[in-house]
Amino acid sequence: MASTSRTPTGRGRGRGGRGDGSSSLPPPPSTLPLIIEEFFIIVYEDPLVKKALPKKFADYLDGKEPAKVYLRAADCGPRLWTVEVLFDGQGRMYLDKGWENFAIAHGVDFGCFVHFKYEGDDVLTVKVFDGTMCRKYYYSDDEDTDDESDDDVKPCIHPL
């Protein structure tokens, strides 16, 4: 019969233990830094009105309240869509002016699941999933990357 390694207290090392009394387990979640790089919203109401982002994401920005963010549709070229941001004074952050154009161009509709990934420098990469939870893939035939032309809604084109 094989003998087991025991510590001076008579206990085995167990999983992940080093036998020296220290633990190889990660620290509890409350001691980890808050890093919110990805989040999603589900569109339950009019997809064209301002959209609330998760409070934890606003908290992650640590008091920095950008006047605008830049949305980049994943797999839809380099175009950045300028969207104004509102803060309500209670820690909530909203996508406002400019969101409507982005939503129209990318087919955001009632029941869509919209995934955001924060890239830094106020840029969010966005993926849109339809009501069946399948991702909408788009490409852009617009070579113009000037974000000043957001008033001209030029939709990405859904491939066949």
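Where does Asp 121 lie? I will start there and then work through the rest of the chain. This is a predicted model.

Asp 121 sits in the loop that connects strand E6, residues 113-120, with strand E7, residues 123-129. Its phi is near 50 degrees, a positive value in a residue other than glycine. Asp 121 is exposed, because its relative accessibility is 71% and the cut-off for exposed is over 50%. Asp 122 is in the loop between E6 and E7 as well. Asp 122 also has a positive phi, about 65 degrees, and is not a glycine. At 25% relative accessibility, though, Asp 122 counts as partly exposed.

Now the overall layout. The protein chain has 2 helices and 7 strands. If you read along the sequence, the pattern is β-β-α-β-β-β-α-β-β. Of the 160 residues in the chain, 33% are buried. The accessible surface comes to about 10400 Å², and carbon and sulfur atoms account for 52% of that. Take the contacts between residues at least 6 apart in sequence: 54% of them join residues at least 24 apart.

Next, the sheet. Strands of a sheet pair through backbone hydrogen bonds, in either a parallel or an antiparallel way. Here there is an open sheet of 7 strands, with mixed pairing, in the order E1-E6-E7-E3-E4-E5-E2. Strand E1, residues 38-42, and strand E2 are the edge strands, and each of them pairs on one side only. On average, neighbouring strands of this sheet are turned by 35 degrees against each other, with direction ignored.

Let us look at one edge, E1. Its pairing with E6 is antiparallel and runs over 5 bridges. Within that pairing, Phe 39 has Phe 116 in E6 as its bridge partner. The side chains of E1 alternate along the strand. Phe 39 and Ile 41 point to one face and are buried, whereas Glu 38, Phe 40 and Ile 42 point to the other face and are not buried.

Further along the sheet order we get to E4, residues 81-87, and E5, residues 93-95. These two strands pair in the antiparallel sense, over 3 bridges. One position to find on the structure is Leu 86, whose bridge partner in E5 is Tyr 94.

At the other edge is E2, residues 51-53, and Leu 53 belongs to this strand. Is Leu 53 buried or exposed? Leu 53 is buried, because its relative accessible area is 1% and buried means under 20%. Which residues does Leu 53 touch, leaving aside neighbours within four places in sequence? The contacts are Phe 39, Arg 92, Met 93, Leu 95 and Phe 116. Two of those names, Phe 39 and Phe 116, came up a moment ago as bridge partners. Leu 95 is worth locating too. Leu 53 and Leu 95 are 42 residues apart along the chain, yet their C-alpha atoms are separated by 7.4 Å.

On to charges. Side chains of opposite charge can pair when their charged atoms come close. How many salt bridges does a search of the whole structure find? The search finds 2.

One salt bridge joins Lys 51 to Glu 45, with the closest N and O atoms 3.5 Å apart. Lys 51 counts as buried, at 4% relative accessibility. Glu 45 is partly exposed, with a relative accessible area of 44%.

The other joins Asp 59 to Lys 55, and here the closest N and O atoms are 3.2 Å apart. Asp 59 and Lys 55 are separated by about one helical turn, because they are 4 residues apart in helix H1, residues 55-60. Asp 59 counts as partly exposed, at 38% relative accessibility. Lys 55 is partly exposed too, with a relative accessible area of 38%.

Last, the cysteines. The disulfide count for this model is 0. Cys 112 is buried, with a relative accessible area of 2%. Cys 134 is partly exposed, at 43%.

To go back over the main points: the chain has 2 helices and 7 strands. The 7 strands form an open sheet, and E1 and E2 are its edges. The loop we started with, where Asp 121 lies, is between E6 and E7.

Note on methods
Residues numbered from 1 in each chain as written. Predicted model: local features only at pLDDT ≥ 70, side-chain atom pairs only at ≥ 80, totals over all residues. Heavy atoms only, no water. Buried < 20%, exposed > 50% of the residue type's maximum accessible area, 1.4 Å probe, protein only. Contact = heavy atoms within 4.5 Å. Areas by Shrake-Rupley, 256 points an atom, 1.4 Å probe, with all protein chains shown as cover. Pairing = 2+ DSSP bridges. Axes fitted to C-alpha atoms, helices over the stretch in contact; angles between N-to-C directions. Disulfide = S-S within 2.5 Å. Salt bridge = Lys/Arg side-chain N within 4 Å of Asp/Glu carboxyl O.
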